[in-house]
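Me: I would like to go through the interior of this predicted model with you, taking its enclosed spaces and its packing in turn.

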Amino acid sequence: MVRKGGLVTAAVFVALAPCLAVAERVHAPLWVENLSPMAALIGIPSQRTADIHEGLSVTAHTDLATHFVSQVSDNDQVFFDGESQRQSLGIRWGLSPVWEVSATLPVTRHSGGFVDSYVNRWHDAFGMSDGGRSAVPEDQIRYQFNSLVQGASLDRSASGRSDVTFELAHITERQKDLQIAYAIGYKASTGNVDEWTGSGASDVYSVARFSGAHRSDLPFYWHGQLGVTHVGSSALMGPRQKEWIGFGGLSMEWLLTSHWALLAQFDSHSAILSSDLKALGEPAGMLSLGLRRSLGRHWAVDVSFAEDIVVESAPDIIFQASLHYRP
């Protein structure tokens, strides 16, 4: 039901696009999170605009991520094969022109999914390596991590509320072509460790965000963030988890017409474990491409996908859709 609901929501977003007129644009980065089964447990915020609007801003977001990682070293073994769907609601409340509180409320489902055959065909069509994906049965779920000191696994479908995040932001610079804001965030332990929907620990992060417009006639907008997360001790990730994780990203928005914009984005974070495995013990990197349709002064819809540009550090591919409202 979660899977079908997310796809229907995305289809409705796109269907609404031609029906509304455009006055002013919503400018924001793509909502991108690393949904790899272990990285998704950590409080690493998605990029967002540094600007603050008084009143209530809301984003409804859906993700569909497919995983396949199989790596072995002398000390560790990781095998991720499955699909994650996440539905998230982002709520931002501008208390004043310079202060804002926000919350992110996600629900996650892990399952065997249905996209393995399409991903295999994609790899075959372009002669791309699939890392062994085609050699295992399609549409199965198995998440497993084993080390000399710890082991965790999930071999059945599971779903439920994920860890909720709260944030307080303050904008310190607001010029026509540049906004700078700083924020602190808290990821509460509201998910379920046994179902891999939560880490079982609370995280705290701080982040600096930047947004601006190109200082010429070129129709470009850009956004960026740079921050660090202090990760709480998680029984699921084990004793070799990193205590501090740095993260950053850069997003570019190119206005194609009065209605449409093309977005390109890079997101990265440092290694989440002290491990010999590249998937967990080295930095992650994701490259995203998307289209934004303005639906009026207050509304916009995004449709996008994210690839693991640092191979196996993130899901093979994430399909994403967002509906934005701002006051």
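Me: How do the residues of the lining of the largest cavity divide into nonpolar, polar and charged?
Reply: In this predicted model, the largest cavity holds about 470 Å³ of space, and 39 residues line it. Strands E2, E3 (99-111), E7 (165-174), E11, E12 (260-269) and E13 (284-294) each give two or more residues to that lining. Sorted by class, the lining residues divide into 16 nonpolar, 16 polar and 7 charged.

Me: Which residues of the lining lie nearest the centre of the largest cavity?
Reply: The search of the whole structure finds 4 cavities of 30 Å³ or more, and the question concerns the largest of them, with its lining of 39 residues. Those that lie nearest its centre are Glu 33, Ile 42, Ile 44, Pro 45 and Ser 46.

Me: How many charged residues are there in the lining of the second largest cavity?
Reply: About 60 Å³ of space lies in the second largest cavity, whose lining includes Asn 34, His 269, Ile 272, Leu 280 and Glu 282. Its lining divides into 6 nonpolar and 5 polar residues, while the number of charged residues is 1.

Me: Which residues have the most contacts inside the largest nonpolar core?
Reply: This core has 29 residues, and among the elements that supply at least two of them are strand E2 (76-94), strand E9 (203-213) and helix H3 (278-281). Leaving aside neighbours within four places in sequence, Leu 280 is in contact with Met 38, Val 78, Phe 80, Phe 145, Ala 271, Ile 272 and Leu 273. The residues with the most contacts inside the core are Met 38, Phe 80, Trp 196, Ile 272 and Leu 280.

Conventions
Residues are numbered from 1 along each chain as its sequence is written. This is a predicted model: local features need pLDDT of at least 70, side-chain atom pairs count only at pLDDT 80 or more; totals for chains, interfaces and linings use all residues. Side-chain values use heavy atoms; hydrogens and water are left out. A nonpolar core is a set of buried Ala, Val, Leu, Ile, Met, Phe, Trp, Tyr and Cys residues joined through side-chain atoms within 4.5 Å. Buried means under 20% relative accessible area, exposed over 50%, partly exposed in between (1.4 Å probe, protein chains only). Helices (H or I, at least four residues) and strands (E, at least two) are DSSP runs, numbered from the N terminus. Contact means heavy atoms within 4.5 Å. On a 1 Å grid over the protein atoms alone, a cavity is a set of points where a 1.4 Å probe fits but cannot get out, and a pocket is an open set with protein on both sides within 12 Å along at least five of seven lines; lining residues have an atom within 4 Å of a point. Grid points are joined across faces, edges and corners, and a volume is the space filled by probe spheres set on the points. Ala, Val, Leu, Ile, Met, Phe, Trp, Tyr, Cys and Pro count as nonpolar, Asp, Glu, Lys and Arg as charged, and the others, Gly among them, as polar.
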